Amino acid sequence: MNWLDDECRRLGLTALQRRFAQLSATLTEASERERFALVCFHALLRGDIDTVLGQSAVTLSVLMSSYLVHHPALQDPVEEYLFFAFYSTWLSYPPVRG
């Protein structure tokens, strides 16, 4: 989630940075953090980030599962971006096997 944190810091969005940190701290699995980043990136592109950040830790998981189903158009470009954004962390978080 460093890229979200860094981008918020660069833009001076401290409240947004804090909320990202609060929500991402509740995600323990690497796959959850990756999905959260994907959903946040989608939401930022759509101007819908308040929907994501307004979730509780309990409802965030449900939102993440349904969000990508309801917004498929941006999935490929965002996945390509995240592929490179998370490239440096691959050794720390090996792929999750089904």
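Which residues have the most contacts inside the largest nonpolar core? This report answers that, then works outward through the helices. The model is predicted.

## The core

The largest nonpolar core has 21 residues. Inside this core, the residues with the most contacts are Phe20, Phe36, Cys40, Ile49, Val52 and Leu60. Five helices each supply at least two residues of the core: α1 (2-11), α2 (14-24), α3 (30-46), α4 (49-53) and α5 (57-70). The most comes from α3, which gives six residues.

Take Ile49 as an example. Residues up to four places away in sequence are not counted here. Ile49 then touches Leu16, Phe20, Cys40, Ala43 and Leu44. Two of these names, Phe20 and Cys40, also appear among the core residues with the most contacts.

## The chain as a whole

The protein chain has six helices and zero strands. Read from the N terminus on, its elements run α-α-α-α-α-α. The chain has 98 residues, and 32% of them count as buried.

Now look at contacts with a separation of 6 or more. In the protein chain, 70% of these are between residues 24 or more positions apart.

## Helix α3

How far apart are the end C-alpha atoms of α3? They are 24 Å apart. The helix has 17 residues, and at 1.5 Å a residue it should span 24 Å, so the two values agree. Next, consider what follows the helix. After α3 comes Gly47, whose phi is positive, near 75 degrees.

The buried residues of α3 are Arg33, Phe36, Ala37, Leu38, Val39, Cys40, Phe41, His42 and Ala43. A general point helps in reading such a list. An α-helix has 3.6 residues a turn, so residues three or four places apart point the same way.

Leu38 is found in α3. Is Leu38 buried or exposed? Its relative accessibility is 8%, so Leu38 counts as buried. Leu38 and Glu79 are 41 residues apart along the chain. Their C-alpha atoms are separated by 7.1 Å.

## Where α2 meets α3

Two packed helices are described by the angle between their axes and the distance between the axes. The axes of α2 and α3 come within 11 Å. They cross at roughly 150 degrees. The two helices are therefore roughly antiparallel to each other; the cut-off for that label is over 145 degrees. The crossing of α2 past α3 is right-handed.

Which residues meet here? From α2 come Phe20, Leu23 and Ser24. From α3 come Phe36, Cys40 and Leu44.

## Two residues of α2

Ser24 is placed in α2. Its relative accessible area is 14%, so Ser24 is buried. Along the chain, Ser24 and Ala37 are 13 residues apart. In space, their C-alpha atoms are separated by 8.8 Å.

Gln17 also has its place in α2. Gln17 has 15% relative accessibility, so this residue counts as buried. What does Gln17 contact, leaving aside its neighbours within four places in sequence? Gln17 is in contact with Asp5, Cys8 and Arg9.

## Where α3 meets α5

The axes of α3 and α5 come within 10 Å. They cross at roughly 65 degrees. Here the crossing of α3 past α5 is left-handed. On the α3 side, the contact is made by Glu32, Arg35, Phe36, Leu38, Val39, His42, Ala43 and Arg46. On the α5 side, it is made by Leu60, Ser61, Met64, Ser65, Tyr67 and Leu68.

Ser65 lies in α5. Is Ser65 buried, partly exposed or exposed? Ser65 is partly exposed, because its relative accessible area is 43%. Ser65 and Phe36 are 29 residues apart in sequence. From C-alpha to C-alpha, they are 9.7 Å apart in space.

Note on methods. Residues numbered from 1 in each chain as written. Predicted model: local features only at pLDDT ≥ 70, side-chain atom pairs only at ≥ 80, totals over all residues. Heavy atoms only, no water. Core = buried A, V, L, I, M, F, W, Y, C linked by side-chain atoms within 4.5 Å. Buried < 20%, exposed > 50% of the residue type's maximum accessible area, 1.4 Å probe, protein only. Helix = DSSP H or I, 4+ residues; strand = E, 2+ residues; numbered from the N terminus. Contact = heavy atoms within 4.5 Å. Expected span 1.5 Å × (residues − 1). Axes fitted to C-alpha atoms, helices over the stretch in contact; angles between N-to-C directions. Parallel < 35°, antiparallel > 145°, perpendicular 65-115°, else oblique. Left-handed = near helix turned anticlockwise from the far one by under 90°.
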